[in-house]
Amino acid sequence: MMSQDAAFSRGKGGETHQVSDADHPVLTTNHGMPVSDNQNQLKAGPRGPTLLEDEVYREKINHFDHERIPERIVHARGTAAHGYFECTSSLADVTRADLFQKKGQRTDVFVRFSTVAGGAGSIDTPRDVRGFAVKFYTREGNWDLVGNNIPVFFIQDAMKFPDLIHAAKMEADRGFPQAATAHDTFWDFISLMPEATHMAMWAMSDRTLPRSFATMEGFGIHTFRFVSREGQSTFVKFHWKPKAGLASTIWDETVKVAGADPDFQRRDLFERISRGDFPEWELGVQLFDEEFANSQPYDVLDATKIIPEEVLPVRIVGRLVLDRYPDNFFAETEQVAFCPSHVVPGIDHSNDPLLQGRLFSYQDTQIKRLGSTNWHQIPVNQAKGRPGGCPFLNMQRDGHMQMQVPKGRANYEPNSLHLAGEAGGPREAPEAGFKSFPAEEHGPKLRIRPESFADHYSQARLFWLSMHPAEQAHIASAFVFELSKVSLPHIRQAMMANLRNVDEGLAQRVAEGLAMDLPPASPSAAPVLPMDPSPALRIIGGPRERDSLEGSTVGILIGEGTEAKALQALTTEIKRAGGRPLLIAMKVGMVPLSDGSKVSADAQLFGQPSATVDACAVILAEAACARLVKEAAAVQWVMDAFGHLKAIGHNAEAMPLLDKAGVEPDAGVTGLEGFVAAAGRRYWDREAKVRSLA
């Protein structure tokens with residue numbers, strides 16, 4: 001355990017410092033300079049901005065950014081879509097940003113969703129954070145809001161990002177596991193970084209198992225600034241709320257989806273858009289001032305913290321609609337490049353040290369990955385500007401893969417060429433141009449974590465106490481699963497010691513699941529504060545849990561002799577509720593129905609397990625049911641639907657198949673008549689009957 005390490009200490013923000021000794025050599029830069037602090041960037045004061053002169057950070061992040069080519073190091077596997085953002089409530093009183101000025105104003109967008117840890121050839125559905133990156137093509141330039149589906153992150157300072165990703169990725173000596181954190185190096189790092197505990201709670205929750213991109217939230221993570229035309233600053237946090245509601249899978253279901261369809265989530269996005277069921281989110285903001293920020297028991301510049309919605313409600317100001325899939329995956333989805341540093345007048349950055357580090361890193365990464373400083377000229381990355389205007393104008397010239405053909409000789413400024421009748425080129429615009437908010441910064445130049453960042457457990461406890469009992473069971477079980485894959489007992493012990501600071505009951509459940517004794521709680525750098533639970537953080541029983549069939553797929557198992565009228569009535573009712581009926585049979589092709597007509601099956605039973613649909617119905621004739629009772633795939637199809645807590649509708653003739661699959665009566669098992677009303681949700685009270693959880 002880390003408390004036994006004589007060369008271990010805590011910084012002022014509670015961060016871990018491991019110091020060189022006889023067994024551990026001095027850490028240096030690539031040029032041999034000893035490093036005094038490998039945890040913090042160089043800042044102007046504890047809460048000040050990061051300084052560009054920080055060669056230790058720049059060398060570290062430069063090297064990390066260039067470690068892989070040409071695939072992204074993180075967020076390599078992704079999919080994307082075009083769409084638009086529509087302002088539904090003007091924010092002209094707090095920001096001059098063009099896209100927020102008028103209700104009804106639309107701005108084109110390109111949105112990329114992704115997993116984080118896996119490579120481009122990995123699966124869509126690991127337990128992992130999902131990237132949620134939005135490029136707004138505003139009339140005043142591109143704004144990239146580069147976030148995730150979780151509102152916090154593992155680390156507080158960008159200095160630790162290379163270490164985090166190295167720990168989470170495949171282990172360096174063996175090249176596995178792929179797209180998974182259930183291994184020694186990840187949990188070793190997390191156990192030694194108490195600041196990661198809050199994010200670890202989210203990572204072990206159902207949030208990292210989203211059913212689809214359309215049913216997950218998105219967050220800007222950091223605190224940003226809005227700046228008004230009068231130069232006034234308002235802090236802002238960004239939230240994306242899915243119109244379809246929140247929905248996740250459960251672990252057994254996720255594993256089976258991965259085996260059945262590695263492309264499950266990108267296929268879902270493609271099919272939704274193709275059939276006109278356009279994914280949609282509301283954009284919400286939390287707006288606050290310095291006085292509010294100073295009154296909170298946490299630091300708003302700390303990316304491991306949230307502002308609970310019950311403390312500061314989210315104000316809905318716009319909607320995001322994705323209505324066009326890319327014409328070419330490589331040209332658009334692969335070549336799109338996002339940079340948090342890309343903002344527009346009226347939007348500015350805060351001193352969040354994780355954000356400050358990202359402002360440098362992303363630009364450097366894109367130059368390496370796309371091979372040129374001219375990556376902004378790739379169509380998907382180009383600014384669009386005002387109608388009829390040039391998307392970008394400056395004195396930057398040449399470079400590898402230059403695609404522009406500048407005219408004239410004005411490639412510098414100031415110049416006086418206009419006096420000779422030549423084009424003098426663009427000039428700065430003091431009034432219309434981007435201006436950083438003139439925040440006053442005071443403090444010595446140093447590497448330090450502010451003491452206000454030292455509370456690593458209060459919000460982790462808040463998250464745990466806010467969860468529905470079923471979600472708590474999933475979190476505890478996920479910790480057990482992940483730590484059971486850790487081969488070094490001292491890492492498991494260290495992690496459980498940290499969990500004792502979150503909740504004794506959680507730590508005990510994990511210890512029992514691992515058949516290990518609980519170690520003493522690890523020291524906490526700051527007192528763990530009582531905080532009121534936030535029901536808004538729940539999926540199950542929360543305010544945004546999916547509760548309808550809109551946008552959902554209903555698998556209907558049919559066979560020869562299925563009653564035609566019953567099938568027609570059910571498919572019509574599903575469509576009326578906004579769902580998509582998917583006919584599944586033993587063979588793809590025409591299936592004879594009871595009235596002599598035939599219907600084409602959409603999918604084959606063996607290739608469309610019930611894990612891939614949102615609800616299940618079984619409409620069979622007696623003879624067809626008798627055959628399917630002997631088919632393991634059919635029995636498993638129904639068994640998994642029940643085990644994954646989905647609604648199951650059936651006719652009387654299908655009962656022998658349900659009995660063979662072990663289906664027991666409950667509110668989610670219905671006749672065909674009540675099925676659609678029941679099919680929009682899961683039945684969590686069933687879970688105790690079908691699996692043991694921590």
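Which residues of strand β9 (residues 224-227) are buried, and on which side? Select the strand in this predicted model. F224 and F226 are buried on one side. R225 and V227 are buried on the other, so both faces of β9 are covered. In a regular strand the side chains alternate between the two faces of the sheet.

Next, add strand β10 (residues 233-242). β9 and β10 pair in the antiparallel sense, over four bridges. Look for F224: V236 of β10 stands opposite. The two strands form a hairpin, with five residues between them. In the turn, stop at G231, where phi is positive, at about 85°.

Now select strand β13 (residues 347-349). β13 also pairs with β9 in the antiparallel sense, here over three bridges. F226 of β9 has I347 of β13 as bridge partner.

Move on to the open sheet of six strands. Trace the order β19-β16-β15-β20-β21-β22; the pairing is parallel. The edges are β19 (603-604) and β22 (669-671), each pairing on one side only. At the β22 edge, three bridges join β22 to β21 (residues 648-650). One pair to pick out is I648 with V669 of β22. Then show helix α14 (residues 564-576), which packs on this sheet. α14 touches β15 (553-557), β16 (580-585) and β20 (615-618). The direction of α14 makes about 145° with that of β16.

Last stop: the surface. Select W251, V255 and F481, a nonpolar patch with about 240 Å² of accessible area together. F481 sits in helix α11 (residues 469-484). With a relative accessible area of 30%, F481 is partly exposed.

Terms used:
Residues are numbered from 1 along each chain as its sequence is written. This is a predicted model: local features need pLDDT of at least 70, side-chain atom pairs count only at pLDDT 80 or more; totals for chains, interfaces and linings use all residues. Side-chain values use heavy atoms; hydrogens and water are left out. Patches are made of residues with over 30% relative accessible area and no salt bridge: like charges are joined within 9 Å, nonpolar side chains (Val, Leu, Ile, Met, Phe, Trp, Tyr) within 5 Å. Accessible areas come from the Shrake-Rupley method with a 1.4 Å probe; for residues, only the protein chains shown count as cover. A salt bridge is a side-chain nitrogen of Lys or Arg within 4 Å of a carboxyl oxygen of Asp or Glu. Buried means under 20% relative accessible area, exposed over 50%, partly exposed in between (1.4 Å probe, protein chains only). Two strands pair if DSSP finds at least two bridges between them. Contact means heavy atoms within 4.5 Å. Axes are lines fitted to C-alpha atoms, for helices over the stretch in contact, and angles run from 0 to 180 degrees between N-to-C directions.
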